[in-house]
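Please look through the sequence and the model below before reading on. The report that follows starts from a single turn of the chain and then widens to the sheets, the loops and the chain as a whole.

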Amino acid sequence: MFGCLVAGRLVQTDAQQVSAGKFVFSLPDYESVHHVVVFLLGTMPFPDGMGGAVYFSFPDPAGGQVWQLLGFITNDKPSAIFKISGLKAGEGGVHLFGMMAQAPLVAQIGVSVESLDLLAQQTPVSNSAVSTVDSFTQFTQKMLESLYNFTSSFALTQAQMTPNPSETFVPASSILRWYENFQRRMMQNPNFWKT
């Protein structure tokens, strides 16, 4: 019913059901993971009035697991991106994803099927803020940074320049000004370029 995705890794669809309505994905090498996407596979929706609370747990070789609420997925919002890189071990609460005899030595993502009313009453940890920047906006911002960094690598002072009548020079300050204006316009309206 669920999938879990980390950039650069294969999609995980092998959630282990640990109790009624409770599913867990293992997340090895979590130290290198910044964001996690959790989504419905599309093969089966949540029952009416239900959704999925998404949790994260650091590995705890000492025993009891601590789960941090990241957010939710529902039939109306079947996928979400969660930031886990800013979370701290030990913060959160106990959640019964089945009482395991021994806590796993890898991080885990848990999905708990719960009523929408109950989900609305829960508050995710603040550092897990669901990403609101779409991939096009992220790409554009990275492209702008790349262009600026690339052109800056060719920057010369006037003293370093040798006269070349066939070469046109653009002041680095004008590229920086363009970059800042373009980024500002993207933040105001990501589709401004379509007009």
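## A turn between two strands

In the hairpin formed by S2 and S3, two residues lie between the strands, and Gly21 takes a positive phi near 75 degrees. This is a predicted model, and the values in this report should be read with that in mind. Strand S2 and strand S3 (residues 22-27) run antiparallel and are joined by three bridges, and in this pairing Ser19 stands opposite Lys22 in S3.

## The sheet of five strands

The hairpin belongs to an open sheet of five strands, whose order is S2-S3-S8-S5-S6 and whose pairing is antiparallel. The edges of this sheet are taken by S2 and strand S6 (67-73), and because each of them has a single partner strand, one side of each is left without a neighbour in the sheet. From one strand to the next, the twist in this sheet averages 30 degrees. Strands of a sheet pair through backbone hydrogen bonds, and the pairing can be either parallel or antiparallel.

Further into the order, strand S5 (residues 50-57) pairs with strand S8 (residues 107-115) in the antiparallel sense, over eight bridges. Within that pairing, Phe56 stands opposite Ile109 in S8.

## The sheet of three strands

A second group of strands forms an open sheet of three, with the order S1-S4-S7 and antiparallel pairing. Strand S1 (2-5) and strand S7 (79-83) are its edge strands, each of which pairs on one side only, and the twist here averages 20 degrees from one strand to the next. Strand S1 is joined to strand S4 (residues 35-40) by four bridges, and the two run antiparallel. As an example from this pairing, Leu5 has Val37 as its bridge partner in S4.

The table sets out strand pairs from the two sheets, each with its number of bridges and one pair of facing residues.

| Strand pair | Bridges | Facing residues |
|---|---|---|
| S2 and S3 | three bridges | Ser19 and Lys22 |
| S5 and S8 | eight bridges | Phe56 and Ile109 |
| S1 and S4 | four bridges | Leu5 and Val37 |

## Residues in the loops

Is Gln12, which lies in the loop between S1 and strand S2 (16-19), buried or exposed? Gln12 has a relative accessibility of 17%, and it therefore counts as buried, since the limit for that class is under 20%. The side chain of Gln12 reaches the backbone oxygen of Ser26 at 3.2 Å. Leaving aside residues up to four places away in sequence, Gln12 touches Phe2, Gly3, Cys4, Phe25, Ser26 and Leu27.

Thr13 lies in the loop between S1 and S2, and with a relative accessibility of 48% this residue counts as partly exposed. When residues up to four places away in sequence are not counted, Thr13 touches Phe2, Phe25 and Leu41. The C-alpha atoms of Thr13 and Phe39 are separated by 9.7 Å, although these two residues are 26 residues apart along the chain.

Later in the sequence, Val125 is found in the loop between helix H1 (116-120) and H2. Its relative accessibility is 25%, so Val125 counts as partly exposed. Val125 and Leu70 are 55 residues apart in sequence, yet they are 6.0 Å apart in space, taken from C-alpha to C-alpha. The residues that Val125 touches, not counting those up to four places away in sequence, are Gln68, Leu69 and Leu87.

## The chain as a whole

How many helices and strands does the chain contain? There are three helices and eight strands, and read along the sequence they follow the pattern β-β-β-β-β-β-β-β-α-α-α. Of the contacts in the chain with a separation of 6 or more, 73% are accounted for by residues 24 or more positions apart. Of the 195 residues of the chain, 31% count as buried. The accessible surface of the chain comes to about 12,200 Å², and 57% of that surface belongs to carbon and sulfur atoms.

Finally, the confidence of the prediction deserves a careful look. The chain averages a pLDDT of 81, and 83% of the residues score at least 70. Among the elements of the chain, S5 has the highest mean pLDDT, at 93, whereas helix H2 (residues 135-152) has the lowest, at 76.

Technical notes. Residues are numbered from 1 along each chain as its sequence is written. This is a predicted model: local features need pLDDT of at least 70, side-chain atom pairs count only at pLDDT 80 or more; totals for chains, interfaces and linings use all residues. Side-chain values use heavy atoms; hydrogens and water are left out. Two strands pair if DSSP finds at least two bridges between them. Axes are lines fitted to C-alpha atoms, for helices over the stretch in contact, and angles run from 0 to 180 degrees between N-to-C directions. Buried means under 20% relative accessible area, exposed over 50%, partly exposed in between (1.4 Å probe, protein chains only). A polar contact is a pair of N or O atoms within 3.5 Å; within protein, one must be able to donate a hydrogen and the other to accept it, and residues adjacent in sequence count only if both atoms are side-chain atoms. Contact means heavy atoms within 4.5 Å. pLDDT is the predictor's confidence in each residue, from 0 to 100. Accessible areas come from the Shrake-Rupley method with a 1.4 Å probe; for residues, only the protein chains shown count as cover.
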